[in-house]
Amino acid sequence: KAGGQKGRKGTTLKMTDNPDHTKRLIPDYCNCCGKDLREMKFILVSKRQVVDLPIILPSYTEYQCYGTKCTCGHNQTGSYPDNVTNHIQYGTGVEAAVAYYSVYQYLPFKRLAKMFDHIFNLPISEGSIGNILNRMGEKANPVYNAIHDQVGKSKVVGGDESGCKVNGDKWWAWVWQNVLFTFITVSKSRGKQVIDSMFPQGFPNGILISDRWRPHLTTYAYGHQLCIPHLLRELNYLIELEKTEWAKSIKALLKKGIELKKEYPEYPKDDVRALEIEYEMNELLEFHLEKNKTPKTVTFQNSLLKYREFLFTFLYHKEVTPDNNGSERGVRNFKVKLKVSGQFKTGQNVYAKLRSVIDTCIKSDVNVIQALK
């Protein structure tokens with residue numbers, strides 16, 4: 001259904017109590033008899049407001065460095081601010097805008113250059129955009145590294161990866177995230193060595209939520225949680241393909257676990273309702289399936305047996321979710337960027353850094369533009 005959906009918090013354009021400009025509409029004469037009204041006393045009858053954007057013009061600040069000769073004979077000159085390093089350069093506002101529109105709004109270099117020319121009245125070349133993003137990537141390093149450290153210490157972490165194209169080659173975008181932090185990196189590999197290089201200690205304090213990709217499941221962590229929606233999608237496929245009651249029962253049991261989580265965020269290990277689900281799952285996983293009739297379902301059953309202890313971790317930890325939606329959202333932004341621009345020629349690592357910073361700022365309600373400045 002089109003339009004605002006049920007339960008959505010609507011927003012409306014509101015009038016301000018302090019308008020920047022006020023235009024008083026006072027009539028000179030009466031439309032009925034033509035009498036001059038300019039000396040009459042008027043009262044406010046109604047008001048309307050128009051909200052608009054001003055013409056944007058770049059602001060130039062000139063730093064003039066003066067010198068003088070001291071009585072001691074020393075020639076003393078003023079000092080430029082540390083960030084003023086060239087005879088003409090772009091300021092932090094321009095750099096923040098370039099990073100924001102390129103990384104968060106997905107604008108390709110050519111369109112971004114046109115936008116600066118048409119809207120901001122500031123011509124900027126594609127080469128300059130690339131240079132600005134590289135400088136922003138360097139400046140972001142301390143924050144990016146801090147995000148990495150916080151993710152490694154977190155009690156709950158979601159991990160995911162997705163393919164991306166760099167200069168015509170297949171690369172991989174990796175994300176590790178939770179409700180406070182997002183850490184993204186790019187690698188040529190989809191293997192375990194990427195996780196080992198990024199998090200050599202694993203996640204000793206955290207529950208790692210992931211799909212059934214082996215590098216995630218073999219990463220050292222305090223605990224693991226398989227993404228239940230991933231399992232449900234596979235079960236839907238198996239039910240349609242091999243039509244077993246077993247797959248339907250597993251699907252119903254996983255959904256029962258999700259409903260249990262909605263009722264209460266955390267259960268003790270000896271809770272009757274949690275134990276009931278655990279026992280039902282054990283019985284289903286011990287059920288004999290005929291491999292010659294349902295080979296794919298048997299393979300799925302063996303996988304669940306291998307990672308049995310990762311199925312219902314979410315029931316016993318308040319902050320652990322049964323899904324990995326946060327990680328999928330984190331890596332999806334990378335995919336949207338690629339759909340707009342096709343591929344990365346260069347700059348994939350800078351994009352990962354700046355996107356990590358921006359997403360983390362949003363999660364913490366930090367103004368993105370101010371943070372980029």
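**Thr-219, helix α10 and the five-stranded sheet**

Biologist: Which residues does Thr-219 touch, leaving aside those up to four places away in sequence?
Modeller: This is a predicted model, where local features need pLDDT of at least 70 and side-chain atom pairs count only at pLDDT 80 or more, while totals for chains, interfaces and linings use all residues. Residues are numbered from 1 along each chain as its sequence is written, and side-chain values use heavy atoms, with hydrogens and water left out. Taking contact as heavy atoms within 4.5 Å, Thr-219 touches Lys-192, Ile-195, Gly-202, Phe-203, Leu-208 and His-224.

Biologist: Is Thr-219 buried or exposed?
Modeller: Thr-219 sits in the loop between α5 (214-217) and β7 (221-226); helices (H or I, at least four residues) and strands (E, at least two) are DSSP runs numbered from the N terminus. Buried means under 20% relative accessible area, exposed over 50%, and partly exposed in between, with a 1.4 Å probe and protein chains only. Thr-219 has 4% relative accessibility, so it counts as buried.

Biologist: How far apart are the end C-alpha atoms of α10?
Modeller: Helix α10 covers residues 325-341, 17 residues in all. The expected span is 1.5 Å times one less than the number of residues. That should come to 24 Å, and the end C-alpha atoms agree with it, being apart by 24 Å.

Biologist: Which residue follows α10?
Modeller: Look for a positive phi, near 90°. The residue with that phi, right after α10, is Gly-342.

Biologist: Which strands are the edges of the five-stranded open sheet?
Modeller: The order is β5-β4-β3-β6-β7, with mixed pairing; two strands pair if DSSP finds at least two bridges between them. An edge strand here pairs on one side only. That gives β5 and β7.

Biologist: What angle does α3 make with β5?
Modeller: Helix α3 (residues 126-153) packs on the sheet, touching β3, β4, β5 and β6 (203-210). Axes are lines fitted to C-alpha atoms, for helices over the stretch in contact, and angles run from 0 to 180 degrees between N-to-C directions. For α3 against β5, the angle is about 105°.

Biologist: Which element gives the most to the largest nonpolar core?
Modeller: A nonpolar core is a set of buried Ala, Val, Leu, Ile, Met, Phe, Trp, Tyr and Cys residues joined through side-chain atoms within 4.5 Å. The largest has 56 residues, and those with the most contacts inside it include Trp-176 and Phe-334. With eight residues, the element giving the most is α3.
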